[in-house]
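Subject: Structure for you to look at

Hello,

Here is the structure we talked about. Please open it next to this message and follow along.

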Amino acid sequence: MAEKNEAKASSNVQSCDAYFETIQSRKKLPFSLQESLTMAFSEIPVSSFPDVPGGKVIEIPADTSIAEALKVLSESNIMSAPVRNPKAGDSLDWRDKYLGIIDYAAIVLWVLENAEVAAIALSAGSAAAVGVGAGAVGAIGALALGATGPLAVAGLTVAAVTAAAAGGIAVEKGLGKDAPTAADTLGDDFYKVLLQEEPFKSTKVGEIAKSFRWTPFLPVATDSSMLSVLLLLSKYRLRNVPVVKPGSPSIKNFITQSAIVKGLRQCKGRDWFDCISSSPISDLGLPFMSYDQVVSIKGDELILEAFKRMKDNQIGGLPVVEGPKQKLVGSVGIRDIRYLLLKPDLFSNFRQLTVLDFINTITASEQELGKVAPTITCKLDSSLGSVIEKLAANQVQRAYVVAGEEEYVVGVVTLRDVISCFIHEPPNHFDNYYGLAVMELLNE
């Protein structure tokens, strides 16, 4: 097991190295400019970065329910929040006070797992029974949380019914043959089970903050350099970096990729920014992936499959395409999971809901559900500055690179990519600043 974890850790770092080295090698910028800019960022303390809107970081107690946490994220229009441990007492160690980060990615992973469990529970007649049914849990584990289709759920249902019957729990006669129907028409019952019945109702934020996270919880000190933050948010794939004050465990600031790109947007007019931002994205090594590496979803596929694909590839959004040439017709993002959970009345047939039906429904209900993130595009010859402007103005995480009048998808530019254009990593930077601890956390 130790060897397996070490191999995974090494793979994580190698992936970050490969990405950053590729971006750096493609840049058509004077190295002297990159070196000077990197040096400047290394001398700017994190404490100089603007505070979050309102001046106070929104935290979510670990004993908050998933449903309540989702409402906090949605109503506050934030992608993530630190999870506070209410049992930490007066500890001055941030490791005691915070358990991690809750974000839409964690919620998506939890929902995808429990969608299957809920299907079993409804078919078996008791969510609580399934919660303690070893047979059901084993069946889910065997599928590695990857099943989203009715036939797969039907197979899980049979396993659950068998386990329930073996445990002396009453099961409706003839239920097994109707399992596909039950899985396809869960409807409102799914939400009732997921948000109102045990064992799902009692699931707290603290229980999924670590088990379902994509990236580590890695605070930096207020006297750390902005270069460290920029590297964590770009090369090392963190989506957010909490800031703590030395000697105090409380989080003073919460720097996100989006906040950094908005800050870069405000640098328009400065020589260094204008020099880099005026370059076409193709001169800066973007898009990073070739067109055949872009992960996409077709409009007639199920919306649950879209979220599963994001989970499997650890990405925050997908272009919705049609035809053999990948014509762009829309997009879905990981935060869209909130619509499925906060407005279940609109999606009672979610197991049969296609991606385009989902998009059309939330667009038509925009006033009730809140602003729907637009699909942002750019061309290979678009300037980096124009991409930054679109990303910042529309508060989105990615722009899809399209070609031709039909707008075929040929790439993606993410916030991570944009930040990577402005920096490079000095030799042994993290060894000098943090020692080996940071690398251990990044390898989680």
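Two strands count as paired if DSSP finds at least two bridges between them. Strand β2 (residues 80-84) meets that rule with β3: the two are joined by five bridges and run antiparallel. One bridge can be picked out by its residues, since Val-83 has Gly-100 in β3 as its partner. Please keep in mind that this is a predicted model.

The sheet around β2

Strands β2 and β3 belong to an open sheet of three strands, in the order β1-β2-β3, and the pairing in this sheet is mixed. Its edge strands are β1 (60-61) and β3 (98-103), each of which pairs on one side only. Helix α4 (residues 94-97) contains Arg-95. This arginine has a relative accessibility of 54%, so Arg-95 counts as exposed. Between the C-alpha atoms of Arg-95 and Asn-85 there are 9.5 Å, and the two are ten residues apart along the chain.

A hairpin

A second antiparallel pair is made by β5 (residues 240-244) and β6 (residues 251-256), again with five bridges. Asn-240 is bridged to Thr-256 in β6. The two strands form a hairpin with six residues between them, and in its turn Gly-247 has a positive phi of about 85°.

The chain as a whole

The protein chain has 22 helices and twelve strands. It has 444 residues, and 49% of them count as buried. Its accessible surface is about 20100 Å², and carbon and sulfur atoms hold 51% of that. Among contacts with a separation of 6 or more, 69% are between residues 24 or more positions apart. One example of two positions set well apart in sequence is Ile-208 and Ala-62: they are 146 residues apart along the chain, and their C-alpha atoms are separated by 9.4 Å. Ile-208 lies in helix α11 (residues 205-208) and is buried, at 1% relative accessibility.

Aromatic rings

How many aromatic pairs are there? The count is nine. Two of them are described here.

Tyr-19 and Phe-288 form an edge-to-face pair, with 4.7 Å from centre to centre and 70° between the planes. Tyr-19 is in helix α1 (residues 2-26), while Phe-288 is in the loop between α14 (271-277) and β7 (297-298), so this pair ties together parts that are 269 residues apart in sequence. Is each of these residues buried or partly exposed? Tyr-19 is buried, because its relative accessibility is 4%. Phe-288 has 26%, so Phe-288 counts as partly exposed.

The rings of Phe-273 and Phe-422 have centres 5.9 Å apart and planes at 5°, so they are stacked. This pair also links distant parts of the chain: Phe-273 is in helix α14 and Phe-422 is in the loop between α20 (415-420) and α21 (429-434), 149 residues apart. Phe-273 is buried at 3% relative accessibility, and Phe-422 is buried at 2%. Ring pairs join Phe-273 and Phe-422 with Phe-41 and Trp-272 into a cluster.

Tyr-19 has a charged neighbour as well. Arg-416 lies over the face of the Tyr-19 ring, 3.6 Å from its centre.

A covered helix

Helix α15 (residues 303-313) is mostly covered, with nine of its eleven residues buried. The buried residues include Ile-303, Leu-304, Ala-306, Phe-307 and Met-310. Charged residue types are on the list too, among them Glu-305, Lys-308, Arg-309 and Lys-311. Just after α15, Gln-314 takes a positive phi of about 50°.

Cysteines

How many disulfides does the structure hold? It holds zero. Two cysteines can serve as examples of how covered such residues are. Cys-275 has 36% relative accessibility and counts as partly exposed. Cys-378 has 4% and counts as buried.

If you want a place to begin, find β2 and β3, which pair over five bridges, and then turn to Tyr-19, which pairs with Phe-288 and has Arg-416 over its face.

Regards

Key: Residues numbered from 1 in each chain as written. Predicted model: local features only at pLDDT ≥ 70, side-chain atom pairs only at ≥ 80, totals over all residues. Heavy atoms only, no water. Phe/Tyr/Trp six-rings, centres within 6.5 Å; stacked < 30°, edge-to-face > 60°. Helix = DSSP H or I, 4+ residues; strand = E, 2+ residues; numbered from the N terminus. Buried < 20%, exposed > 50% of the residue type's maximum accessible area, 1.4 Å probe, protein only. Lys NZ or Arg CZ within 6 Å of the ring centre and 35° of its normal. Disulfide = S-S within 2.5 Å. Contact = heavy atoms within 4.5 Å. Areas by Shrake-Rupley, 256 points an atom, 1.4 Å probe, with all protein chains shown as cover.
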